[in-house]
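Hi everyone, thanks for making time this morning. I'd like to walk you through one structure, beginning with a pocket and then moving to a sheet.

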Amino acid sequence: MRFAIYGAGGLGAYYGARLQAAGQDVGFIARGTNLETMRAHGLRILSPLGDLHLPEVKVTSNPVDLGPVDFIVVAVKTWQVTEVAQAMGPLLGPATIAVPFLNGVDAPYQLAEVLGPDRVLGGLSRIFSMIESPGVIRHFNDSAYVSFGRLDNSASKAAERLRDAFDAAGVDSEVAPDIARALWEKLILVSSWTGISTLARSPMGILRDSVPLKELVDRCIDEGIAVARARGIEIAPDYKATMWAFYAGLPDGATGSMTRDIWSERPSELDAWCGAIHRIGGELGVPTPTHTMCYRLLQPIEAAARNP
């Protein structure tokens with residue numbers, strides 16, 4: 001199968017490299033020094049699951065150079081989704097499917113507005129990886145997981161083909177029985193602590209050990225679950241306990257990518273995380289005071305990063 005990896009960052013480059021190593025035809029869409037280094041020296045993966053060096057990769061900044069593909073793995077930042085969707089025309093064949101592995105719940109619907117719902121699967125990933133240097137991806141945890149499925153939960157042969165390709169590449173994968181619920185569960189998981197972490201300039205260990213901060217995180221969890229349920233998403237009664245068990249297993253120094261971006265004065269996914277709970281809660285009449293506080297206090301910092 002032919003794949004286009006739209007966004008060769010820590011996530012996209014990792015999965016693209018594994019797919020190419022397993023024999024798939026993969027093209028990467030990248031930019032800047034990462035693009036130039038991959039052209040000259042290929043792509044290197046440093047991972048607990050096994051290092052990998054691809055001396056030659058097909059990489060470009062222009063989708064025209066790749067032509068039609070079977071699957072487009074969308075791995076850009078959330079605020080870039082609509083822009084890249086409008087640039088995907090040259091990648092589209094008769095049955096091309098786009099699957100976003102982004103945080104938040106909006107990306108598959110944004111893609112569907114441009115490409116049409118039949119060309120889009122909802123998708124999510126669980127991986128800790130980053131660009132260590134141009135052309136070099138550092139993967140930190142001992143797993144990589146992807147999940148995807150049609151937004152209406154109907155059967156999809158394309159999703160099954162995609163699962164088989166990732167399985168063959170050594171990536172844990174599944175066709176989700178309810179991808180919308182999975183996306184909401186992940187959004188609640190990341191948004192509930194990153195806003196508090198960012199404002200308090202504190203990693204997970206401090207949040208867990210501080211009673212006042214832990215209470216704020218707990219309120220965020222309740223708000224996220226309430227908004228999801230008002231949206232018609234069935235969140236399990238024990239999901240909150242599952243979240244705290246996950247948080248308990250994170251390293252003391254753990255921070256979210258949104259937090260690291262804001263602390264480094266880079267544009268972040270604030271709008272897609274805390275902002276999404278605030279926005280959708282407002283649309284549905286569900287109060288989200290803690291998420292709203294985080295969102296509004298961080299908005300000026302986000303604006304400064306986008307308009308220095």
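First, a term: on a 1 Å grid over the protein atoms alone, a pocket is an open set of points with protein on both sides within 12 Å along at least five of seven lines, and lining residues have an atom within 4 Å of a point. This is a predicted model, where local features need pLDDT of at least 70, side-chain atom pairs count only at pLDDT 80 or more, and totals for chains, interfaces and linings use all residues. Residues are numbered from 1 along each chain as its sequence is written, and side-chain values use heavy atoms, without hydrogens and water.

So, which residues lie nearest the centre of the second largest pocket? They are Thr78, Trp79, Gln110, Asp271 and Ala272, out of 15 lining residues. The lining splits into 6 nonpolar, 5 polar and 4 charged residues, with Gly counted as polar.

Now the sheet. Five strands, in the order β5-β2-β1-β6-β7, make an open sheet with parallel pairing; strands here are DSSP runs of E, at least two residues, and helices runs of H or I, at least four. Pairing takes at least two DSSP bridges. At the edges sit β5 (58-60) and β7 (92-100), each paired on one side only. From one strand to the next, the twist averages 20°, with axes fitted to C-alpha atoms and angles running from 0 to 180 degrees between N-to-C directions.

Further in, β1 (residues 2-6) and β6 (residues 69-74) are joined by 4 bridges, and Ala4 faces Ile72 in β6. Helix α5 (residues 157-168) packs on the sheet, touching β1, β6 and β7, where contact means heavy atoms within 4.5 Å. Its direction makes about 75° with that of β6.

How values were computed: 1 Å grid on protein atoms, 1.4 Å probe; cavity = no way out; pocket = protein on both sides within 12 Å on 5 of 7 lines; lining within 4 Å.
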